[in-house]
Amino acid sequence: MTSAPLLAVEHVSKQYRLPREGLFTAPPVVQALDDVNFTLHAGRSLGIVGESGSGKSTLARLVMALEAPSAGRVVLDGADLHRLSPQALRQARTRVQMVFQDPYGSLDPRRTVGQTVAEPLALLQGAPRDEQQRRAAEALEAVGLRAADLAKYPHEFSGGQRQRIAIARALITRPRLIVADEPVSALDVSVQAQVLNLMQDLQDEFGLSYLFISHDLSVIDFVCDEVLVLQGGRVVEQGAPGQLFTQPQHPYTQRLLAAVPGMEPPPAVP
């Protein structure tokens, strides 16, 4: 019997109304997502790829329940996130956390690393101060840093170390799902590999699932079990990286691959 998915996005659409262009004109509508469907099982990684404006970050905000869909459902552990009571949604947010693109921009320079890493635990679970510090130290050590780093500030770390701190903050509530929105695009290439290897090690150790959003197809190929291609808010292709990146069927996927040196699909056999 197939187990139920950890995350199910069912016929999700999202529209945004823009300011009116004139007094007597209707406000224009932007269709950011259009009938998006996919599932993600526990312990697996799904990559979301597409150009800027394809709807990737909008999808991330809906999965995090930061915005509500115009239509459809986002189901986590069998519960529709956007129909939960405020208290139940608060509890659900302990099971899904996010890692952002810019590690320095996502860390408050006025707060110590210990305060930053422990913040989700304090806000979502109201844990006592001593438990916050203990689990913050455990989270830092899990990402390759030291408990002594809790007293330091973000400016004292390199870019790769700051992203490890951001990952530690995401780990502290012991989530089942991490939404990673371009988590290595701001890092040097050599550091990217280190962070990606860390994320895979953490997945094995804690049984994490990743929703991995990126425009970098080589990163998606390295990390993900399955890939979903978005164009203009619609899913145009989906499949395993090994198949999708060697035998893309949709012209848009073919163009994405052609734009990446070394990832062009082989020419079709006549």
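How far apart are the mean positions of the positive and negative charges of the protein chain? The chain carries 25 positive and 29 negative charges, and their mean positions are 8 Å apart. Keep in mind on this tour that you are looking at a predicted model.

**Stop 1: the whole chain**

Start with everything selected and a cartoon view. You should find 9 helices and 10 strands in the protein chain. Turn the C-alpha trace along its principal axes and you will see a span of about 60 × 50 × 50 Å. The radius of gyration is 20 Å, which agrees with the value near 18 Å that a compact globule of 270 residues would have.

Now switch on the surface. Its accessible area comes to about 13,400 Å², and carbon and sulfur atoms account for 50% of that. Underneath, buried residues make up 46% of the 270 residues. If you draw the contacts between residues at least 6 apart in sequence, 65% of them join residues at least 24 apart.

**Stop 2: Ser-13 in β1**

Select residues 7–17, which form strand β1, and pick out Ser-13 within that strand. Ser-13 has a relative accessibility of 12%, so this residue counts as buried, the cut-off being under 20%. Show what surrounds Ser-13: beyond residues up to four places away in sequence, Ser-13 touches Gln-31, Leu-33, Asp-34 and Asp-35, and also Pro-69, Ser-70 and Ala-71.

**Stop 3: Leu-40 in β2**

Next, select residues 29–40, strand β2, and go to Leu-40. Is Leu-40 buried or exposed? Leu-40 is buried, because its relative accessible area is 3% and the limit for that class is under 20%. Measure across to Ala-8: the two residues are 32 apart along the chain, yet 6.5 Å separates their C-alpha atoms. With neighbours within four places in sequence left aside, the contacts of Leu-40 are Pro-5, Leu-6, Leu-7, Ser-45, Leu-46, Leu-177, Ser-209, Tyr-210 and Leu-211.

**Stop 4: two loops with positive phi**

Most residues other than glycine have a negative phi, and this stop shows you two that do not follow that pattern. Select Ala-65, in the loop between α1 (56–63) and β4 (71–76). Ala-65 is not a glycine, but its phi is positive at about 60 degrees. With 12% relative accessibility, Ala-65 counts as buried.

Move on to Asp-77, which sits in the loop between β4 and β5 (79–80). Asp-77 also has a positive phi, near 55 degrees, without being a glycine. At 33% relative accessibility, Asp-77 counts as partly exposed.

**Stop 5: helix α4 and what follows**

Select residues 129–142 to bring up helix α4. Its 14 residues should span 20 Å at 1.5 Å a residue, and the end C-alpha atoms are indeed 20 Å apart. Show side chains for the buried residues of α4: Gln-132, Arg-135, Ala-136, Ala-137, Ala-139 and Leu-140. As you look along a helix, remember that an α-helix has 3.6 residues a turn, so residues three or four places apart point the same way.

Then step into the loop between α4 and α5, where you will find Val-143. Val-143 counts as buried, because its relative accessibility is 0%. Leaving aside neighbours within four places in sequence, Val-143 is in contact with Arg-164, Ile-167, Ala-168, Leu-171, Leu-198 and Leu-202. For a longer measurement, try Val-143 to Ser-214: these residues are 71 apart along the chain, with 21 Å between their C-alpha atoms. Gly-144, which follows α4, has a positive phi near 90 degrees.

**Stop 6: helix α5**

Select 159–171 for helix α5. How many of the 13 residues of α5 are buried? The count is 11, so α5 is largely enclosed by the rest of the structure. Among them are Gly-160, Arg-162, Gln-163, Arg-164 and Arg-169, along with Ile-165 and Ile-167. From first C-alpha to last, α5 reaches 19 Å, close to the 18 Å expected at 1.5 Å a residue.

**Stop 7: Gln-243 in α8**

Finish at helix α8, residues 241–244, and select Gln-243. At 52% relative accessibility, Gln-243 counts as exposed, a class that begins over 50%. As a last measurement, go from Gln-243 to Val-227: they are 16 residues apart in sequence, and their C-alpha atoms are 9.9 Å apart.

Notes. Residues numbered from 1 in each chain as written. Predicted model: local features only at pLDDT ≥ 70, side-chain atom pairs only at ≥ 80, totals over all residues. Heavy atoms only, no water. Helix = DSSP H or I, 4+ residues; strand = E, 2+ residues; numbered from the N terminus. Buried < 20%, exposed > 50% of the residue type's maximum accessible area, 1.4 Å probe, protein only. Contact = heavy atoms within 4.5 Å. Expected span 1.5 Å × (residues − 1). Rg over C-alpha atoms; globule rule 2.2 N^0.38 Å. Areas by Shrake-Rupley, 256 points an atom, 1.4 Å probe, with all protein chains shown as cover. Lys, Arg positive; Asp, Glu negative; His and termini not counted. Charge placed at Lys NZ, Arg CZ, Asp CG, Glu CD.
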